[in-house]
Amino acid sequence: MLIVMHNWATEDDINRVKETIQSMGLKPVAIPGAERTAIGVIGNQGWVDDTPLSGLRGIREIIHVTKPYKLVSRDFHPEDTVVELAGGIKIGGDSPFVVIAGPCAVESRDQLFQTAEFLSSMGIKVLRGGAYKPRTSPHSFQGLREEGLRILSEVRERFGLAVVTEVMSPEHVDDVAESVDMLQIGARNMQNFDLLREVGRTGKPVMLKRGLSATMEEWLASAEYILVEGNHKVILCERGIRTFERATRNTADLAIIPLIRKVSHLPIIFDPSHATGRRDLVEPMAVASVVVGAHGVMVEVHPDPEKALSDGAQSLHFEEFERLNKALQNVSECLKKQ
Ligand code: PEP
Ligand code: MN
């Protein structure tokens, strides 16, 4: 439920509404806006009887929200959320388009240092790299795990890059949160609700990838789990969904980007690597994502993709990344001028 106050409502009117909501056993969340104050109500399992509120001074409208998410919606928070990472990097709103890049998996100290050095020289500020890898087969490389985290924190120190890595299980959340700047929830864990609550508790920025076959509503409801814990630093990441089409690894749902921007205040980025599974499609799709309003991209890059231990076919060589980065800058500039 959302209670919209008249713009002439006083502080006393607003407090009375909040107290009444509390007396109904629910939690009020004030949503101050430039034009109006609204009060969101959370904690209800279903329809709320609004009789106790009727007749209170200053209420303009009571909106019953029937969606499975509230805090992530624009109704509850009209302004864009901007998530800030270490080093003052901002993602969301009108912040400059962000390019996150790095290997699928941290494979060795040498591999990550080489990649970080190259990316830093390109002006990239956020490095990705998986220490815990969610692999379809238990026989595939599972990641360097704790050793991978150590290498990531070393690189973070050495190059001053903000680092994002995936966390797969609730018991690793604290260790991962200590080593990196942003926690990634992978597609396969989008509905691991205990994990979502746990990353919510850290208060660290979280990148929530869309599930393999998740609807927008399910995806936003998962983000809601993190916000309910008091952590509003959530970035959504579209990474393609499972469809009948096998020519690409997944089907890039670019339409979801402008739609999410209407429905939610959270930043949304695009992962053209997992969305296509083919390095030759990464650049055109990354460019397309800028045009439809993504706040950034996350791209897989490897010093020697042919020898990569995971996702080599979609990982860019350094020179391909250089070209992609230029193309993204050009398109962003071009759109800004318009
Ligand atoms: C990844 O980013 O390396 C990854 C495993 O992605 P996803 O969860 O989208 O498959
Ligand atoms: Mn990958």
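These legends walk through several close-up views of a predicted model.

**Figure 1. Two domains share one chain.** Let's start with the overall layout before zooming in. Domain 1 covers residues 2-63, and domain 2 runs over residues 83-337. Their C-alpha centres lie 37 Å apart. The residues shown in the views that follow can be placed against these bounds.

**Figure 2. Four side chains hold the manganese ion (ligand 2).** Which atoms does the protein offer to this metal? The donors are SG of Cys 104, NE2 of His 274, an OE atom of Glu 300 and an OD atom of Asp 311, at 2.0 to 2.4 Å from the ion. Read along the chain, these donors have the spacing C-x169-H-x25-E-x10-D. Two of the donors, His 274 and Asp 311, link distant parts of the chain and are 37 residues apart. His 274 sits in helix 8 (residues 272-276), while Asp 311 belongs to the loop between strand 14 (296-300) and helix 10 (318-337). Both His 274 and Asp 311 are buried.

**Figure 3. Asp 311 and Arg 145 have positive phi values.** Here the backbone is the thing to look at. Most residues other than glycine have a negative phi. Asp 311, the metal donor of Figure 2, has a phi near 55°, and this residue lies in the loop between strand 14 and helix 10. Arg 145 also is not a glycine, and its phi is positive at about 55°. Where does Arg 145 sit? Look in the loop between strand 8 (126-128) and helix 3 (146-159). Arg 145 is partly exposed, with a relative accessible area of 34%.

**Figure 4. Phe 118 meets Phe 321 edge-to-face.** The model has four aromatic pairs, and this view shows one of them. The ring centres of Phe 118 and Phe 321 are 6.0 Å apart, with 75° between the planes. Phe 118 is part of helix 2 (residues 109-121) and Phe 321 part of helix 10, so their pairing ties together parts of the chain that are 203 residues apart in sequence. Are these two residues buried or exposed? Phe 118 and Phe 321 are both buried. Ring pairs also bring in Phe 318, giving a cluster of Phe 118, Phe 318 and Phe 321.

**Figure 5. Phe 193 and Tyr 225 are stacked.** In this aromatic pair, the centres are 4.5 Å apart and the planes make an angle of 25°. The pair links distant parts of the chain, with Phe 193 in helix 5 (residues 193-202) and Tyr 225 in helix 6 (residues 216-228), 32 residues apart. Phe 193 is partly exposed at 33% relative accessible area. Tyr 225 is partly exposed too, with a value of 25%.

**Figure 6. Two arginines lie over phenylalanine rings.** Take a look at the ring faces in this view. Arg 109 lies over the face of Phe 113, 4.4 Å from the ring centre. Arg 158 is placed over the face of Phe 159, and here the distance to the ring centre is 4.6 Å.

**Figure 7. Ligand 1 has 13 residues around it.** Which of these residues come nearest? They are Arg 128, Ala 187, Arg 188, Lys 209 and Arg 239. Arg 188 places a polar side-chain atom 2.9 Å from an oxygen atom of ligand 1. Lys 209 likewise has a polar side-chain atom 2.9 Å from an oxygen atom of the ligand. For Arg 239, a side-chain N or O atom is 2.6 Å from a ligand oxygen.

**Figure 8. Asn 231 and His 295 make polar contacts from loops.** Asn 231 is in the loop between helix 6 and strand 12 (234-238). With a relative accessible area of 2%, Asn 231 is buried. A polar atom of its side chain lies 2.8 Å from the backbone oxygen of Lys 204. His 295 is found in the loop between helix 9 (279-291) and strand 14. His 295 counts as buried because its relative accessibility is 5%, under the 20% limit. Its side chain is joined to that of Arg 261 by a polar contact of 3.5 Å.

Note on methods. Residues are numbered from 1 along each chain as its sequence is written. Chains are lettered from A and ligands numbered from 1 in the order in which they are written. This is a predicted model: local features need pLDDT of at least 70, side-chain atom pairs count only at pLDDT 80 or more; totals for chains, interfaces and linings use all residues. Side-chain values use heavy atoms; hydrogens and water are left out. Domain bounds come from an automatic or database domain assignment. Donors are N, O and S atoms within 2.8 Å of the metal (3.2 Å for Na, K and Ca); water is not among the atoms, so sites may look incomplete. Helices (H or I, at least four residues) and strands (E, at least two) are DSSP runs, numbered from the N terminus. Buried means under 20% relative accessible area, exposed over 50%, partly exposed in between (1.4 Å probe, protein chains only). Rings of Phe, Tyr and Trp (its six-membered ring) pair if their centres lie within 6.5 Å; planes under 30 degrees apart count as stacked, over 60 as edge-to-face and the rest as tilted. A charge sits over a ring if NZ of Lys or CZ of Arg is within 6 Å of the ring centre and within 35 degrees of the ring normal. A residue is near a molecule or strand if one of its heavy atoms lies within 4 Å of it. A polar contact is a pair of N or O atoms within 3.5 Å; within protein, one must be able to donate a hydrogen and the other to accept it, and residues adjacent in sequence count only if both atoms are side-chain atoms.
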